[in-house]
Amino acid sequence: MSADEQPGLVPDGRPAAGPPAWVHLDWSRPPYRWDQQARPCRLCGKGAHMRDEHGRPCHKVCAEQAATTRAARAADRYQQRTM
Ligand SMILES: [Zn+2]
(Lines give C-alpha, C1' and ligand atoms only; values in the text may rest on other atoms or scores of the structure.)
Protein backbone atom coordinates (compact mmCIF):
# COMPACT_ATOMS: atom_id res chain seq x y z
CA MET A 1 0.00 0.00 0.00
CA SER A 2 1.50 3.33 -0.98
CA ALA A 3 1.24 6.47 1.13
CA ASP A 4 -1.49 7.93 -1.06
CA GLU A 5 -3.67 4.87 -0.40
CA GLN A 6 -3.26 4.86 3.37
CA PRO A 7 -6.24 6.15 5.29
CA GLY A 8 -5.65 9.45 7.02
CA LEU A 9 -2.55 10.31 4.96
CA VAL A 10 -2.24 12.87 2.21
CA PRO A 11 -0.34 11.78 -0.96
CA ASP A 12 3.09 12.89 0.30
CA GLY A 13 2.72 10.70 3.38
CA ARG A 14 1.82 13.37 5.89
CA PRO A 15 -1.25 12.77 8.05
CA ALA A 16 -4.33 14.70 6.97
CA ALA A 17 -5.45 17.67 9.08
CA GLY A 18 -6.47 15.31 11.86
CA PRO A 19 -7.02 11.64 12.40
CA PRO A 20 -10.22 10.28 10.90
CA ALA A 21 -12.92 9.45 13.41
CA TRP A 22 -13.24 6.04 11.81
CA VAL A 23 -11.44 4.50 8.82
CA HIS A 24 -13.91 2.83 6.47
CA LEU A 25 -12.49 0.03 4.34
CA ASP A 26 -14.02 -1.27 1.11
CA TRP A 27 -13.94 -5.05 1.26
CA SER A 28 -16.55 -5.52 -1.46
CA ARG A 29 -14.11 -6.86 -4.07
CA PRO A 30 -11.25 -9.37 -4.24
CA PRO A 31 -8.81 -10.03 -2.71
CA TYR A 32 -11.25 -9.65 0.19
CA ARG A 33 -13.65 -12.53 0.36
CA TRP A 34 -16.18 -14.38 2.46
CA ASP A 35 -15.36 -17.97 3.38
CA GLN A 36 -17.85 -20.63 4.46
CA GLN A 37 -15.63 -21.67 7.33
CA ALA A 38 -15.22 -19.34 10.29
CA ARG A 39 -11.66 -19.18 11.60
CA PRO A 40 -10.17 -17.12 14.45
CA CYS A 41 -9.85 -13.46 13.49
CA ARG A 42 -6.19 -12.38 13.36
CA LEU A 43 -7.04 -9.38 15.55
CA CYS A 44 -9.71 -10.43 18.07
CA GLY A 45 -9.56 -14.22 17.92
CA LYS A 46 -13.31 -14.70 17.47
CA GLY A 47 -14.67 -16.67 14.51
CA ALA A 48 -14.51 -14.72 11.24
CA HIS A 49 -15.79 -15.62 7.79
CA MET A 50 -14.06 -12.70 6.04
CA ARG A 51 -10.53 -13.00 4.67
CA ASP A 52 -8.23 -10.00 4.38
CA GLU A 53 -5.98 -9.09 1.45
CA HIS A 54 -3.51 -11.78 2.55
CA GLY A 55 -6.20 -14.45 2.94
CA ARG A 56 -6.06 -14.26 6.74
CA PRO A 57 -9.29 -14.50 8.75
CA CYS A 58 -10.30 -11.04 9.92
CA HIS A 59 -13.46 -9.12 10.73
CA LYS A 60 -13.85 -5.97 8.64
CA VAL A 61 -14.68 -3.98 11.77
CA CYS A 62 -11.48 -5.24 13.46
CA ALA A 63 -9.42 -4.18 10.42
CA GLU A 64 -11.15 -0.78 10.45
CA GLN A 65 -10.42 -0.36 14.16
CA ALA A 66 -6.74 -1.22 13.57
CA ALA A 67 -6.54 1.22 10.62
CA THR A 68 -8.20 3.95 12.71
CA THR A 69 -5.71 3.37 15.53
CA ARG A 70 -2.77 3.49 13.08
CA ALA A 71 -4.08 6.74 11.56
CA ALA A 72 -4.51 8.32 15.02
CA ARG A 73 -0.97 7.29 16.04
CA ALA A 74 0.46 8.63 12.78
CA ALA A 75 -1.33 11.94 13.38
CA ASP A 76 0.03 12.07 16.95
CA ARG A 77 3.60 11.37 15.77
CA TYR A 78 3.31 14.03 13.07
CA GLN A 79 1.93 16.56 15.54
CA GLN A 80 4.76 15.84 18.05
CA ARG A 81 7.39 16.36 15.31
CA THR A 82 5.90 19.64 14.15
CA MET A 83 5.37 21.26 17.57
ZN1 LIG B 1 -12.12 -9.69 14.79
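**Exercise 1. Place tryptophan 27 in the fold and work out whether this residue is buried or exposed.**

Step 1: Tryptophan 27 sits in the segment before strand 1. Strands here are DSSP runs of E with at least two residues, helices are runs of H or I with at least four residues, and both are numbered from the N terminus. This is a predicted model, where local features need pLDDT of at least 70, side-chain atom pairs count only at pLDDT 80 or more, and totals for chains, interfaces and linings use all residues. Residues are numbered from 1 along each chain as its sequence is written.

Step 2: Count neighbours. Tryptophan 27 has 18 C-beta neighbours inside 10 Å, so this residue counts as partly exposed. The cut-offs: buried takes 20 or more other C-beta atoms within 10 Å of a residue's own, exposed takes 12 or fewer, partly exposed is in between, and C-beta atoms are placed from the backbone.

Step 3: Look for partners. Leaving out residues up to four places away in sequence, tryptophan 27 touches Tyr32, Met50 and Lys60 (contact: C-beta atoms, placed from the backbone, within 7 Å). Glutamate 53 is 26 residues away in sequence, with 8.9 Å between its C-alpha and that of tryptophan 27.

Step 4: Check the backbone in that segment. Proline 31 also belongs to the segment before strand 1, and a cis peptide bond with omega of about 15° joins proline 30 to proline 31.

**Exercise 2. Describe how strand 1 and strand 2 are joined.**

Step 1: Get the order. The pattern along the sequence is β-β-α, with 1 helix and 2 strands in the protein.

Step 2: Pair the strands. Strand 1 and strand 2 run antiparallel, joined by 4 bridges (pairing takes at least two DSSP bridges between two strands). Arginine 39 has alanine 48 of strand 2 as its bridge partner, while arginine 33 is bridged to arginine 51.

Step 3: Inspect the turn. The hairpin has 6 residues between the strands, and glycine 45 takes a positive phi near 85° there. For context, most residues other than glycine have a negative phi.

Step 4: Check burial. Strand 1 lies largely in the open, because 0 of its 8 residues are buried.

**Exercise 3. Follow the contacts of arginine 51 to arginine 56.**

Step 1: Arginine 51 is in strand 2 and is partly exposed, with 19 other C-beta atoms within 10 Å.

Step 2: Beyond four places in sequence, arginine 51 contacts Tyr32, Arg33, Asp35, Arg56 and Pro57.

Step 3: Move on to arginine 56, in the loop between strand 2 (47–51) and helix 1 (60–82). Arginine 56 counts as partly exposed because 15 C-beta neighbours lie inside 10 Å. Its contacts, with the same sequence neighbours set aside, are Arg42 and Arg51. The C-alpha atoms of arginine 56 and arginine 42 are 6.9 Å apart, with their positions 14 residues apart along the chain.

**Exercise 4. Which residues form the largest nonpolar core?**

Step 1: Set the rule. A nonpolar core is a set of buried Ala, Val, Leu, Ile, Met, Phe, Trp, Tyr and Cys residues joined through C-beta atoms within 7 Å.

Step 2: Apply it. The largest one has 5 residues: Cys41, Ala48, Met50, Cys58 and Ala63.

Step 3: Zoom in on cysteine 58. Its contacts beyond four places in sequence include Cys41, Ala48, Met50 and Ala63, along with Arg42, Leu43 and Asp52.

Step 4: Put that in proportion. Buried residues make up 14% of the 83 residues in the protein.

Definitions and conventions: Two residues are in contact if their C-beta atoms, placed from the backbone, lie within 7 Å.
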